[in-house]
Amino acid sequence: MVELKELSFIPDWPPGPLDTYRRQSSFDWRQLKLVLEDTNSIRLKYKVWKVLESEPLFAKSKITLSTDEQKKIAAQQMMKIAKLDIVPPEVFAMGYLPRYRFLMSVNEALHAICPSLSVKIALGVGLFQNALRAMGTEQHASFYNAAWSRQIVTCLAITEVAHGSNTKRIRTTATYNPENQEFIINTPDFEAAKCWVGNLGKTATTAIVFANLLTPDGQNHGLHGFLVPIRNPLNLQLYPGVLVGDMGEKIGLNAIDNGFAIFTQYRIPRQNLLNRTGGVTPEGEYVSVFSEPTKILGAALEGFSAGRLGIMQEATNTLAHSVVIAVRYAAMRKQFGPDKNGPEQSILNYQLHQWRIFPYVAAACVLKTSVYSLTDLYLKTVEKSEANSNGIDLLSQSVGEIHALVSASKPYYTWTARDAIQESREACGGHGYLKAANLGELRNNHDACLTYEGDNNVLGQQASNWLLRQWTDDVQSPLGTVNFIKRRDEILQSTFDQLIKRFDITSWQFINHCLEWLMCWLMNSIADDVRNQKQNGAGSFEAKNNTQVYKAKDLSIIYAEFYAISSFRLRCLKSDVAADVKPVLEIIHQIYGLWVIDRHMVPFYQGGFAIGATFAESIRSQLLRSCGGLHTEAVTIVDALAPPDYVLNSVIAKSDGLLYQNLQNEFMTNPGALERANWWREVLPFPKSKL
């Protein structure tokens with residue numbers, strides 16, 4: 001347990017009406033915060049927030065600015081961040097894991113305030129540098145340093161107009177010309193134009209372009225990365241041979257200048273090929289030190305998993321912010337009551353409201369610990385590979401399981417955040433629709449997460465395919481996330497009636513066994529379906545596609561949920577957890593676990609795990625009881641999830657609890673709120689001579 005004096009950098013919440021709930025709570029919210037987040041990360045975030053709050057450039061606008069103004073401000077902010085010493089030079093002397101932890105925490109802090117800025121830096125610095133580390137060599141070090149110092153603004157150009165998820169069908173080419181020792185980048189037609197490239201529309205000066213490498217003998221050596229100058233860094237003038245444009249206004253994140261690019265016989269030096277996995281001699285011969293360059297490239301590209309982990313961290317914070325707003329609002333909002341003429345009661349008291357919001361509160365807590373665990377697993381694996389002379393081979397051994405975990409979890413995290421935002425918006429009624437409530441901004445800015453860095457459903461298919469290989473090929477998972485498959489026969493024979501005799505329905509053992517059974521039944525059922533379809537003449541491609549709905553997609557989601565709740569339980573068992581926090585962690589575990597089971601109720605009956613109404617009634621009645629048990633703790637739990645008011649930026653969820661006073665101030669100070677419309681003469685039906 002951490003002494004409270006060591007947490008003095010976390011400021012107290014201001015006194016106000018929410019204190020009624022805070023006094024009822026059985027634990028200290030700071031101690032819960034330390035279970036959900038790392039102390040160093042929390043300290044760093046508060047430091048970043050304090051610095052940015054005092055900078056006028058990062059002030060919140062009350063009105064929606066034009067897209068061009070938004071892009072200008074984000075570009076200015078990106079340059080300003082580099083000068084604020086938020087990431088001091090000594091960070092780069094740290095080991096791989098602490099260095100990336102530090103940078104990820106900074107990204108989380110920035111995303112909470114300026115999502116577009118966070119994305120702009122992630123694309124222009126983080127992912128670019130990750131790609132250089134994964135695919136480049138020492139000859140590309142100058143680009144790495146220039147990106148960090150903002151001497152160049154960078155981007156990654158992978159997706160094309162006609163192909164995104166199916167990267168094998170990308171058609172941009174890079175043909176080597178030995179006469180000039182250059183690669184010629186070419187876009188065959190508009191369908192092969194690079195698009196959705198963040199930073200490219202207005203500001204990027206250098207891109208990593210993924211193109212098919214063609215040698216003079218006519219051979220296609222597949223996708224490789226190339227460093228391609230786009231604009232002159234001094235004046236942002238495009239270089240001849242590349243046509244670049246901005247893609248236009250989007251649903252959200254309009255400070256990001258997403259662009260398209262068409263290359264016409266565009267020449268770059270041979271040295272601009274990222275040649276860690278394979279290169280070309282001056283004479284035009286393709287060479288690789290690896291016997292299987294495609295496999296090695298896959299391991300190198302797994303560096304992009306860091307991007308998906310960043311998305312998951314951002315989604316978790318978005319999820320947390322939405323439930324903070326919903327719970328604080330519900331605590332202060334009073335409607336109806338048992339006595340028609342008596343006092344009204346807080347809508348937080350109503351069972352329906354608890355059932356709508358509290359599972360997402362629990363999910364925010366569970367997913368915060370889970371993403372920390374998964375990030376730790378990923379960083380330690382990469383760190384181990386970098387420290388070993390055989391590192392890329394070591395990474396290749398674990399890359400499948402890490403990729404499966406991330407491919408299952410990224411969709412699950414982002415879908416959960418999406419649903420939580422919408423439920424919170426509706427739970428806050430009309431006031432939740434105000435721009436100043438910030439739920440609309442959260443929703444619009446989060447929406448891109450559902451499709452970038454891989455479409456959610458396609459990523460889920462990659463995870464379920466890996467799981468099915470573990471089931472059918474009996475491959476041992478190096479990281480042990482599906483070791484329960486070894487007990488498949490025992491698990492599949494278990495039933496609800498057997499489990500309920502051994503374990504309480506709220507226990508982690510009961511929840512764990514249920515989820516293990518569900519995954520085993522789905523894997524067995526999918527394997528049988530695929531086998532039967534093949535016996536009836538279907539090809540492998542068709543058979544797999546025909547098992548996605550209701551089965552493979554659900555399997556991927558449950559795998560992510562299982563890993564999340566397992567990670568949460570392991571975190572709760574650590575010795576640094578304060579004694580008074582443990583009971584509320586138990587309730588959070590119960591709510592999340594029962595909620596997950598409830599959402600997958602049908603296959604439990606399909607597979608014979610449960611018969612009759614008892615199972616469903618038991619799960620649902622206990623879920624409602626557990627939600628009721630969270631009532632007096634909910635405000636304090638969201639205090640542990642909440643950032644400072646400046647960051648949360650919601651008029652209906654300020655930490656002082658002064659809901660109506662804050663709304664009054666918002667209404668009265670809204671720009672133009674009390675002014676007569678300056679266009680009134682244009683709309684009135686009377687002759688202008690009478691007005």
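Cavities, rings and cysteines in a predicted model

Q: What volume does the largest cavity of this predicted model have?
A: The largest cavity holds about 130 Å³ of space. The model as a whole contains five cavities of 30 Å³ or more.

Q: Which residues of the lining are closest to the centre of the largest cavity?
A: The lining has 16 residues, and Glu37, Lys45, Trp49, Asn317 and Lys368 are the closest to the centre. Helix H3 (39-53), helix H5 (96-113) and helix H9 (305-332) each contribute at least two lining residues. The largest share, four residues, belongs to H3.

Q: What classes of residue make up the lining of the largest cavity?
A: Nine of the lining residues are nonpolar, two are polar and five are charged.

Q: What makes Trp13 and Trp29 an aromatic pair, and why is the pair called tilted?
A: Ring centres must lie within 6.5 Å to pair, and those of Trp13 and Trp29 are 5.2 Å apart. Their planes meet at 35°, which is neither under 30 degrees, as for stacked rings, nor over 60, as for edge-to-face rings, so the pair counts as tilted. Trp13 belongs to the segment before helix H1 (19-24), whereas Trp29 is in helix H2 (residues 29-36), and the two are 16 residues apart. Both Trp13 and Trp29 are buried.

Q: Why is the pair of Tyr412 and Tyr413 called edge-to-face?
A: The ring centres are 6.4 Å apart, within the 6.5 Å limit for a pair. The planes stand at 90°, over the 60 degrees required, and therefore the pair is edge-to-face.

Q: How do you know that Tyr412 and Tyr413 are buried?
A: A residue counts as buried when its relative accessible area is under 20%. The value is 2% for Tyr412 and 1% for Tyr413, so each of them is buried.

Q: How many aromatic pairs does the structure hold, and which residues do ring pairs link into a cluster?
A: There are 22 aromatic pairs in the structure. Ring pairs join Phe496, Phe510, Trp517, Trp521, Phe604, Tyr605, Phe609 and Phe615 into a cluster.

Q: What makes Arg101 count as a charge over the ring of Tyr372?
A: The charged end of Arg101 is 3.7 Å from the ring centre of Tyr372 and sits over that ring. The distance meets the requirement of being within 6 Å. Lys60 lies over the face of Tyr646 in a similar arrangement, at 5.6 Å from the ring centre, which also falls within 6 Å.

Q: Why does Cys520 form no disulfide?
A: A disulfide needs two cysteine sulfur atoms within 2.5 Å. The closest cysteine sulfur to that of Cys520 is in Cys514, 13 Å away, so the separation is too far for a bond. Cys520 is buried, with a relative accessible area of 0%.

Q: Why does Cys572 form no disulfide?
A: The closest cysteine sulfur to that of Cys572 is in Cys365, at 9.3 Å, and therefore too far for a bond. Cys572 has a relative accessible area of 16%, which is under 20%, so this residue is buried. Across the whole structure, the search finds zero disulfides.

Q: Where does Thr277 lie, and why is Thr277 called buried?
A: Thr277 is in the loop between strand S9 (266-269) and strand S10 (279-280). Its relative accessible area is 6%, under the 20% limit, so Thr277 is buried. Thr277 and Thr137 are 140 residues apart along the chain, with 9.7 Å between their C-alpha atoms.

Terms used. Residues numbered from 1 in each chain as written. Predicted model: local features only at pLDDT ≥ 70, side-chain atom pairs only at ≥ 80, totals over all residues. Heavy atoms only, no water. 1 Å grid on protein atoms, 1.4 Å probe; cavity = no way out; pocket = protein on both sides within 12 Å on 5 of 7 lines; lining within 4 Å. Points joined across faces, edges and corners; volume = space filled by probe spheres on them. Nonpolar A, V, L, I, M, F, W, Y, C, P; charged D, E, K, R; others polar. Phe/Tyr/Trp six-rings, centres within 6.5 Å; stacked < 30°, edge-to-face > 60°. Buried < 20%, exposed > 50% of the residue type's maximum accessible area, 1.4 Å probe, protein only. Lys NZ or Arg CZ within 6 Å of the ring centre and 35° of its normal.
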